[in-house]
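Q: Please take a close look at the aromatic side chains in this structure, and then set them in the context of the rest of the chain. I would like a connected account, with the reasoning spelled out wherever a label depends on a cut-off.

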Amino acid sequence: MLQRSLLRATPRLTAQLRAANTPVFRSALQRRLASTENAFVKERQAVKEHAAATTELWRKISIYAVVPCLILAAVNAYNLWNEHWEHWSHMPPLEERVEYPYQNIRTKNFPWGDGDKTLFWNDTVNYHNKDKTT
């Protein structure tokens, strides 16, 4: 009996809840909550204004300070790179350099290539002759 009455009352209850959620009721509630006289709303508005100002400040710092610094750093790196290879051009060829016993120590072969060159081997910089160690 109780179940039957609850089942019959459910559609009426949902209709009443829908009626209470009308736009008129919602707009009055929203107006009341959005009042500028509320201390919470004033504080939230101040936080939003501060966030907007801070965002604008960091946007300007990113554009007008970081980008030029990155450009200067790139120019500096380019100049250092060229100076480095200028220095290498005055050194004797790789084949004429002394290869000391502590260089290119191999206890077993690498599993790639001929087994003598490391994974990051660069022929313009690295040189290894097994027969030439002193």
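A: Trp81 has a relative accessible area of 53% and is therefore classed as exposed, since that label applies to values over 50%. The model is a predicted one, and every value given here is computed from its atoms.

Searching the whole structure for aromatic pairs gives two. In one of them, the ring centres of Trp81 and Trp85 are 5.8 Å apart and the ring planes meet at 65°, so this pair is edge-to-face; the reasoning is that plane angles over 60 degrees receive that label. Both tryptophans belong to helix H3, where a spacing of four residues puts about one turn of the helix between them. Trp85, with a relative accessibility of 31%, is partly exposed, because its value falls in the range between the buried and exposed classes.

The other pair is formed by Phe110 and Trp112, whose centres are 5.2 Å apart and whose planes differ by 15°, an arrangement described as stacked; the label follows because angles under 30 degrees count as stacked. Phe110 is partly exposed, with 26% of its relative area accessible, and Trp112 is likewise partly exposed, at 34%.

Aromatic side chains also contribute to a nonpolar patch on the surface, which covers about 460 Å² and is made by Val98, Tyr100, Tyr102 and Ile105. Of these residues, Tyr102 is found in the segment that follows H3, and its relative accessibility of 60% places Tyr102 in the exposed class. For the protein chain as a whole, the accessible surface amounts to about 12,200 Å², and carbon and sulfur atoms account for 63% of that area.

Helix H3, which holds the two tryptophans of the edge-to-face pair, spans residues 39–89 and also contains Glu56 and Arg59. These two residues form a salt bridge in which the closest N and O atoms lie 2.8 Å apart, and one salt bridge is what a search of the whole structure finds. Why can they reach each other along the helix? Glu56 and Arg59 are three residues apart in H3, so about one helical turn separates them. Glu56 is partly exposed at 32% relative accessibility, and Arg59 is also partly exposed, at 43%.

As for the wider setting, the protein chain has three helices and zero strands, which follow one another from the N terminus as α-α-α. Buried residues account for 5% of the 134 residues in the chain. Where contacts join residues at least 6 apart in sequence, 48% of them link residues at least 24 apart.

Finally, the confidence of the prediction bears on how closely each part can be examined. The chain has an average pLDDT of 80, with 81% of its residues scoring at least 70. Confidence is highest in H3, where the mean is 92, and lowest in helix H2 (residues 23–33), where the mean is 64. Predicted coordinates should not be read in detail where pLDDT is low.

Technical notes:
Residues are numbered from 1 along each chain as its sequence is written. Side-chain values use heavy atoms; hydrogens and water are left out. A salt bridge is a side-chain nitrogen of Lys or Arg within 4 Å of a carboxyl oxygen of Asp or Glu. Buried means under 20% relative accessible area, exposed over 50%, partly exposed in between (1.4 Å probe, protein chains only). pLDDT is the predictor's confidence in each residue, from 0 to 100. Contact means heavy atoms within 4.5 Å. Accessible areas come from the Shrake-Rupley method with a 1.4 Å probe; for residues, only the protein chains shown count as cover. Patches are made of residues with over 30% relative accessible area and no salt bridge: like charges are joined within 9 Å, nonpolar side chains (Val, Leu, Ile, Met, Phe, Trp, Tyr) within 5 Å. Rings of Phe, Tyr and Trp (its six-membered ring) pair if their centres lie within 6.5 Å; planes under 30 degrees apart count as stacked, over 60 as edge-to-face and the rest as tilted.
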